[in-house]
Structures are given as structure tokens and as C-alpha cells.
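Colleague: Please take a close look at one part of this model for me. I would like to go through the ligand site, residue by residue where you can.

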Amino acid sequence: MEDRISHALFERAQKRIPGGVNSPVRAFRNVGGEPFFTAKANGARLTIVDGRELIDYVCTWGPAIHGHNDPDIRAALKTALENGTSFGTPGPLEVEMAEAICERVPSVEKVRMCNSGTEATMSCVRLARGFTGREKIIKFAGCYHGHVDALLVKAGSGALTGGYPDSAGITQGAAKDTIVVPYNDRAALEAVFKAQGEQIAGLIVESYPANVGLILPDAGFLQFMRELCTRHGALFIFDEVMTGFRISRGGVQQKEAIHPDLTAMGKVIGGGLPVGAFGGRADIMDMLAPLGPVYQAGTLSGNPLAMAAGLASLKKLDARNAWATLDTLGKTLADGIREAAKDAGIPAQVPQSGSLLSLFFSETPVRNYEDVLASRTDLFSKLFRHALAKGVFFPPSPYESWFLSTAHTPADITRTVETVAEAFKKAL
Ligand code: PLP
């Protein structure tokens, strides 16, 4: 449904921006066609430059938990703007934000703000290495932690060997200390710890892997990771950039009663402005400069506008006790899609937790990255294009999770389920 105005903008963009986009998934390469350009966004709706409105299930990839252009966040930003956009000295809102995070996430005793989720996970890895004096990091195949050199690595021929880079421009040196293990595989994880336990600085995991679609942990798997880390003196690093403050008030760790050593955060705590944060045990966090030898810094870290928007977003979640509402919306959408798939005889798995969900065209539950690759990703682009033509915008990739916001209404969900059912009935 390319419109002429978006097409013209995309032509211009491609001349001056690599691929015409400032982040690759926006280019629609996984679903075909050209991206549309958004003129404005309000509530659960995007307005395309040609004036058409779409129900949005991307929610700016997570931050827009109250929908777009939320009036309370806008009001907080207006107030903050009166006082200036950046100070270069400490400011009161940074203290308020640190207290707000620590109060919500009990494993976080101290927290440092930064500007993106990538910075947050990168800093966790450095801190884990600085604290333990060890070099190796374990990650899981299919988990995305931002574009950190050491974490853009997937499994080599064996999980016990060092990884190889997943992107050009990453040296073997940066990748060699990353060990990649299949998700939900206790035996593989235990084997790595058994063989190399004394060299492992930390294990990093997406609290719920949600960057290849949503994968939920087998019962007890999170606890198993926690115990292995404790036993071997490695730090357990929880990446809650996507799930933090979204899945529950205190993130997945609150919901699952898991106590990580370090947590990476972002998205919701910026209220739509650039932000990241990492925090955890005070004795580990105190290794950071200026107290300790692990260096980490940022010109715009703790930026007053981002802090104001993030605090307004957190307060509004509390005021509405939003998580129950978000979960009901998520369940209704997931159930509706499951039902529609069943009616049409299409094999579908719809994992959902609160306001995060995704759709796999697969007969069996998806437990790891291999299962994701085995699912029918080709069917997704057909669904995507059908929905877009009908005014519903799903993430432009079969490998991305769908986001809901408090601005989505039951009527939006009904319309979306009808749209999906139509696509399924046409057998895609
Ligand atoms: N970690 C997770 C789990 C993410 O989903 C993302 C981004 O989507 C990141 C880290 C990186 O965050 P950012 O894009 O803000 O650098």
C-alpha cells in the first residue's frame, strides 16, 4: 500500500541515509515492499504522511506503553523544557529516577543512567568482567542485546567453542570470549559451566527472549540459570530492556521471582525519549568510576527531558495499575488469533505475556532459535501486507514481538482479530 508521499521520501532518504532508514528493521526488508513514513502518532494510532491511520502494534518498539503522544508525558516534558534541555551537572530528576527504579526492581540497589539499551548491556558486560576479573560471557542463540560487538555473536559449530561474529566489522578478538548456548537447554548450559566455569564473568539473557518473536522459558529455567551462576561465581545479567516495567511493575524478575546480579533497562523508562539504564547489587555497581576502576560515562546520560518523560510514564503505569489491563488486552488478542487460526486450519503458536506477544506459524510450541527458524516465516509477510492494507500495522518482521499499550481499546483488538481472521480465511 505504498503511498506516493512515502515513496518520494524514501527515494530521497536512500540517497543520504544507508538503506533510507536509521535502524534496519524499519526498511521492511523482512516483509517486502517499501516502508511508509509517519507524520504523527496519537494514542494507538499512527498517521501516515498521506493521512491514513493505522492501529499500531509496534509502539515505537516498546517505549510507548501509554500509546503515542500521551498528554501526561507531554505535560511533564513541557515543564522540564522550561528549565533547559541538558545540564552537564547532576540534576534532581536523575535522583528521582534512580529511586523510582530501585523501588520497583528490588535486585537493583544502585543504578546508572545511559542513553540506549545497547549502552546498558555493553556496560553490564564490562562491569561483570571488571568485577570478576574473568573474560568469558555466555549468551543464548537468538537473544538480541543491542549492537554490542561481543554480543552480536551466534553459536559456532559447538557451544563449547568461542563464538564467531554475526556482523562484519567485529573482530575475532571481540567475539572469542562469547559462548553461545541454545535457549531452554539445561544440559548445554551446564556443560559450558562445567568446562569453563572459572573463566565465566557473566551469563546474559533476555528476561523473556523477544527479539525472534516471543519465547517463554521452560518451567524452572530462569532459576536454573541463577543457580548455575551462583555456584560458579559468574554474574547473572538480566536484559529487561524490552520487558522492564512492561511485563509487571518490577519486570519479569518480579513476575518470576528471580534475583539477578545486574539488570539492563531502557525503553519504558524514557517515555519515548532516548534512554538506557543498568543497575544491580551495590557492591558490583560501586566498581564503576568514579568509585571504582570500571569506566563508563555519557554526555547526555540522565538527560532531564528523558528523565521527566520516563518518570511520567512510570507514575502513570502506577496510577492506572496498568498491568492487569494490558494483560487482558494481550490475552484477548492472543486468544482471538489462536481461534482464527484454528478455524482456518492454520498451524499457529501465539505466545503472550502481558502486553507482549508474537505469532509463529508452527505446529508445536517454539522453545528456541532453531524452532523459530523452522517455523513458516514466509506466511507472515502475507499476513503483514493484508493487515497493513486494512489499517493494522504489525511489526514488519516475523522475528519481532508485538506491543500493546494502554491506549489500545477492546474495539481495536476486535478489529485486529477480524483482520487476521480474514487473512487466514484467504489461507494467506
Ligand atoms: N536489549 C533488548 C532485549 C532489546 O530488545 C533491545 C532493543 O530492542 C536492546 C537491548 C537494545 O536497545 P537499544 O535499541 O535502545 O540500543
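Modeller: What follows is a walk through the ligand site, with a short look at the cavities at the end. Keep in mind that this is a predicted model.

Start with the shell. The residues around the ligand are S116, G117, T118, Y144, H145, G146, E206, N211, D239, V241, M242 and K267. By class, that shell has six polar, three nonpolar and three charged residues. Y144, V241 and M242 count as nonpolar. E206, D239 and K267 count as charged.

Now the polar contacts. Take T118 first. An N or O atom in the T118 side chain is 2.6 Å from an oxygen atom of the ligand. N211 also faces a ligand oxygen atom. Its polar side-chain atom lies 3.0 Å from that oxygen. D239 pairs with a nitrogen atom of the ligand instead: a polar side-chain atom of D239 lies 2.7 Å from that nitrogen. As for cover, the ligand taken alone exposes 390 Å². The protein buries 82% of that area.

Last, the cavities. The structure holds three of 30 Å³ or more. The second largest cavity has a volume of about 40 Å³. Its lining consists of L359, F360, F361, S375, R376, T377, F380 and P398. Five of these lining residues are nonpolar, two are polar and one is charged. The charged one is R376. S375 and T377 are the polar pair.

Note on methods
Residues are numbered from 1 along each chain as its sequence is written. This is a predicted model: local features need pLDDT of at least 70, side-chain atom pairs count only at pLDDT 80 or more; totals for chains, interfaces and linings use all residues. Side-chain values use heavy atoms; hydrogens and water are left out. A residue is near a molecule or strand if one of its heavy atoms lies within 4 Å of it. A polar contact is a pair of N or O atoms within 3.5 Å; within protein, one must be able to donate a hydrogen and the other to accept it, and residues adjacent in sequence count only if both atoms are side-chain atoms. Accessible areas come from the Shrake-Rupley method with a 1.4 Å probe; for residues, only the protein chains shown count as cover. On a 1 Å grid over the protein atoms alone, a cavity is a set of points where a 1.4 Å probe fits but cannot get out, and a pocket is an open set with protein on both sides within 12 Å along at least five of seven lines; lining residues have an atom within 4 Å of a point. Grid points are joined across faces, edges and corners, and a volume is the space filled by probe spheres set on the points.
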